[in-house]
Amino acid sequence: MQIQEPMPKRADGTTMTPFEWMGGEPVVRALTDRFYDLMDLEPRFATLRGVHGSTLDNARDRLFWFLCGWLGGPQHYIERFGHPRLRARHLPFAIGVEERDQWLACMAQAMQDTGLPGGLQAFLNQQLYGTADWMRNQPEAPAAPVAGDGSGTT
């Protein structure tokens with residue numbers, strides 16, 4: 001998927017990174033803080049909140065550092081910890097479809113609340129979906145059979 005709005009250009013005519021387009025570190029920090037505030041406040045994100053520890057301070061900083069680099073800005077996370085190894089770092093946590101979907105919904109709401117341009121939101125939602133889906137380490141629950149579907153159940 002392409003960004004629907006034209007990517008803004010720098011003064012020299014080159015294309016901005018998403019990090020630059022969204023406003024740099026202050027906006028990435030605001031996005032990260034809103035994401036974790038929503039997780040703490042909204043009952044619809046309770047399962048996601050339950051995966052995290054009693055405090056979100058460490059997670060806030062790590063996500064902020066990661067997003068800065070992932071969006072094309074300073075590589076704060078890599079400078080501190082090396083390669084993100086996202087899947088390996090998240091294996092200790094049970095991440096299924098529900099956790100993935102809550103994470104994506106929480107981030108989408110945070111992007112909207114932070115005022116990111118619509119085209120940038122759409123692009124980031126698509127990119128984040130691929131990453132979030134790849135993080136799943138729990139099988140999907142099998143679909144319940146439907147009466148009369150030939151499965152022998154009624």
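R29 is partly exposed, with a relative accessible area of 25%. This is a predicted model, and R29 is a good place to enter it. The side chain of R29 meets that of D33 in a salt bridge, with N and O 3.8 Å apart. The cut-off for such a bridge is 4 Å. D33 is also partly exposed, at 25% relative accessibility. Both residues belong to helix 2, which covers residues 25-41. They are four residues apart there, so about one helical turn separates them. The general geometry explains the pairing: an α-helix has 3.6 residues a turn, so residues three or four places apart point the same way.

The R29–D33 bridge is part of a network. Salt bridges link R29, D33, D37, R60 and D61. R60 sits in helix 4. What is its accessibility class, buried or exposed? R60 is buried, because its relative accessible area is 14% and the limit for that class is under 20%. Setting aside neighbours within four places in sequence, R60 is in contact with R29, T32, D33, Y36 and D37. R29 has another partner in F64. It lies over the face of that ring, 4.1 Å from the ring centre.

Now look at the salt bridges elsewhere. The count for the model comes to 12. One of them joins R10 and E20, with an N to O distance of 2.7 Å. R10 lies in the segment before helix 1 (18-22) and E20 lies in helix 1, so this bridge ties together parts that are 10 residues apart in sequence. R10 counts as partly exposed at 30% relative accessibility. E20 falls in that class too, with 33%.

Another bridge reaches further along the chain. R34 pairs with D113, and their closest N and O atoms are 2.9 Å apart. R34 is in helix 2 and D113 in helix 7 (residues 97-114), so the pair ties together parts that are 79 residues apart in sequence. Here, too, the ends are partly exposed: R34 has a relative accessible area of 29%, and D113 has 37%.

Turn next to the aromatic rings. The model has six aromatic pairs. F35 and Y36 make one of them, in an edge-to-face arrangement. Their centres are 4.8 Å apart, and the planes meet at 85 degrees. Both residues are buried.

W65 and F81 form a pair as well. How are their planes arranged? The ring centres are 6.0 Å apart and the planes stand at 40 degrees, so this pair is tilted. W65 lies in helix 4 (residues 57-70) and F81 in helix 5 (residues 76-81), so the pair ties together parts that are 16 residues apart in sequence. The two rings differ in exposure. W65 is buried, with a relative accessible area of 17%, whereas F81 counts as partly exposed at 29%. Both take part in one aromatic cluster, made up of W65, F66, W70, Y77 and F81. W65 also carries a charge over its ring. R80 lies over the face of W65, 4.0 Å from the ring centre.

The nonpolar interior comes next. In soluble globular proteins, nonpolar side chains tend to be buried together. In this model, the largest nonpolar core has 33 residues. Which residues have the most contacts inside it? They are V28, F35, L67 and M107. Helix 1, helix 2, helix 4, helix 7 and helix 8 (118-135) each give two or more residues to this core. Helix 4 provides the largest share, seven residues.

F35 shows how this core is joined up. Leaving aside neighbours within four places in sequence, F35 touches L48, L63, W103, C106, M107 and A110. M107 is itself among the residues with the most contacts inside the core.

Helix 8 closes the tour. Does its length fit its residue count, or what span should it have? At 1.5 Å a residue, its 18 residues should span 26 Å. The end C-alpha atoms are 25 Å apart, which agrees. The buried residues of helix 8 are G119, L120, Q121, L124, L128, A132 and M135. Helix 8 is also one of the elements that give two or more residues to the largest nonpolar core.

Note on methods:
Residues numbered from 1 in each chain as written. Predicted model: local features only at pLDDT ≥ 70, side-chain atom pairs only at ≥ 80, totals over all residues. Heavy atoms only, no water. Buried < 20%, exposed > 50% of the residue type's maximum accessible area, 1.4 Å probe, protein only. Phe/Tyr/Trp six-rings, centres within 6.5 Å; stacked < 30°, edge-to-face > 60°. Lys NZ or Arg CZ within 6 Å of the ring centre and 35° of its normal. Core = buried A, V, L, I, M, F, W, Y, C linked by side-chain atoms within 4.5 Å. Contact = heavy atoms within 4.5 Å. Expected span 1.5 Å × (residues − 1).
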